[in-house]
Amino acid sequence: MHMKERDARDQETGDKWEVQLRKGCLELAILAALWDGRRYGLEILRRLESDSDLIVSEGTVYPLLSRLKTLGLVRSEWVESDAGHPRKYYALTPAGKRRALEMTRIWARFSSSMGKLLAPLAKETR
Amino acid sequence: MTMSGDSQQRIDAYFGQLRARLRGIKDEEVREIVEELRSHVVDKASAFGEVTPAGVDAALAALGNPEELASQYLTDNLLARAVVSQSPLQILRSLFRWASFSVAGFFVLLGSLIGYFFGVVFILVALLKPLHPHTAGLWALPSSSGDFEMSFRLGFGVVPPGGRDVLGWWIVPIGMVVGCGLVMLTTHIAVWFVRQYRKSRVTPQG
């Protein structure tokens with residue numbers, strides 16, 4: 001019983017950590033998904049699903065897009081589609097591009113130093 | 001694109017609920033949010049050529065319940081807006097929203113209201129002094145205990161006997177500088193608190 005409780009707790013803190021990690025990366029992931037051109041919400045979601053390991057909830061991505069727009073990192077425009085209804089496309093602004101590059105630099109530095117630190121552990125989990 | 005009445009009804013019901021909970025955001029923006037999500041739902045539900053009720057249900061379920069979705073929009077948007085705009089009205093709007101679900105927000109709102117109130121009083125007195133040269137200003141009035149009490153007077157009505165205009169015409173430059181300074185200071189402090197709050201809530205809910 002005691003062991004079970006502890007397992008459950010470890011499991012939960014582990015899950016929470018992963019959720020936080022993913023969420024923290026989401027902003028950069030969205031900016032990156034727009035790097036090579038404009039996309040609408042569902043395209044961004046599909047891009048994130050196929051090219052990253054981020055399991056993103058739609059209810060998180062749309063409000064985040066709206067925030068990025070308020071912050072001036074992306075702009076949006078409505079474009080008519082073949083589907084018969086317009087779609088809202090997002091594109092990076094110059095400020096958004098700068099921010100994406102800056103975040104990428106930080107990410108690269110962080111992940112390489114973490115990689116060094118974790119190298120001995122990585123061998124164990126292989 | 002064809003859609004059964006049933007599917008349409010489900011979509012309308014969902015967005016009716018969402019719209020009702022997006023209070024505090026401008027109508028125009030609410031419309032845009034709803035239109036964008038509606039087009040998302042239709043796109044998703046029509047992956048196989050036709051919009052089916054089951055597809056609609058799945059797409060709506062993936063968006064989450066309207067209440068949670070609206071709260072993400074409200075918090076994210078209003079706080080981001082307050083930080084970007086630096087306009088006292090926008091900041092107060094955001095703070096009202098923040099105060100509605102957090103004690104910390106309530107106190108920041110209270111402090112900001114007091115700061116803005118005094119800022120506006122200083123500016124008002126400075127502006128009204130030229131109109132009411134003999135009655136507006138910062139006055140020392142005799143109080144019942146024999147002391148003086150300071151009082152801002154906008155110049156409407158008469159000054160009680162024994163009152164003294166402390167600053168005279170100096171109230172105009174001093175009032176403007178102190179008033180504008182207070183408004184700016186309050187704005188900066190409020191935005192600072194909002195930023196701290198945003199940082200603290202990178203992800204409280206999973």
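The legends below describe close-up views of a predicted model with chains A and B.

**View 1. The sheet of chain A is open and has three strands.**
The strand order is β1-β3-β2, and the pairing is antiparallel. At the edges lie β1 (39-40) and β2 (74-79) of chain A, each of which pairs on one side only.

**View 2. Two bridges join β1 and β3 of chain A.**
Strand β3 of chain A covers residues 87-92 and pairs with β1(A) in the antiparallel sense. A residue to look for here is A:R39, whose bridge partner in β3(A) is A:Y90.

**View 3. A helix of chain A lies across two strands.**
The helix is α3 of chain A, made of residues 58-70. The strands that α3 of chain A lies across are β2 and β3 of chain A. Relative to β2(A), the helix runs at about 115°.

**View 4. Chain B also has an open sheet of three strands.**
In chain B the order is β2-β1-β3, with antiparallel pairing. The edge strands are β2 (148-153) and β3 (164-165) of chain B, and each pairs on one side only.

**View 5. Two bridges join β1 and β3 of chain B.**
Strand β1 of chain B spans residues 137-142, and its pairing with β3(B) is antiparallel. Within this pair of strands, B:W139 has B:D165 in β3(B) as its bridge partner.

**View 6. Chain A and chain B are in contact.**
Chain B contributes 26 residues to the contact, and chain A contributes 25 residues. The size of an interface is often given as the accessible area lost when the parts come together. Between chain B and chain A, the buried area is about 2,300 Å². Carbon and sulfur atoms give 55% of that area.

**View 7. A salt bridge links A:R87 to B:D43.**
The closest N and O atoms of A:R87 and B:D43 are 2.7 Å apart. Four salt bridges are found across the interface of chain B and chain A. Polar contacts between chain B and chain A number eight residue pairs, with both residues at pLDDT 80 or more.

**View 8. Helices of chain B supply residues to the side that touches chain A.**
α2 (27-45), α3 (53-63) and α4 (66-85) of chain B each supply at least two residues of this side. Which helix gives the most? It is α2(B), with nine residues. By type, the residues on the side of chain B that touches chain A are eleven nonpolar, seven polar and eight charged.

How values were computed: Residues are numbered from 1 along each chain as its sequence is written. Chains are lettered from A and ligands numbered from 1 in the order in which they are written. This is a predicted model: local features need pLDDT of at least 70, side-chain atom pairs count only at pLDDT 80 or more; totals for chains, interfaces and linings use all residues. Side-chain values use heavy atoms; hydrogens and water are left out. Two strands pair if DSSP finds at least two bridges between them. Helices (H or I, at least four residues) and strands (E, at least two) are DSSP runs, numbered from the N terminus. Contact means heavy atoms within 4.5 Å. Axes are lines fitted to C-alpha atoms, for helices over the stretch in contact, and angles run from 0 to 180 degrees between N-to-C directions. Buried area is the accessible area (1.4 Å probe) that two parts lose on being put together, summed over both. A salt bridge is a side-chain nitrogen of Lys or Arg within 4 Å of a carboxyl oxygen of Asp or Glu. A polar contact is a pair of N or O atoms within 3.5 Å; within protein, one must be able to donate a hydrogen and the other to accept it, and residues adjacent in sequence count only if both atoms are side-chain atoms. Ala, Val, Leu, Ile, Met, Phe, Trp, Tyr, Cys and Pro count as nonpolar, Asp, Glu, Lys and Arg as charged, and the others, Gly among them, as polar.
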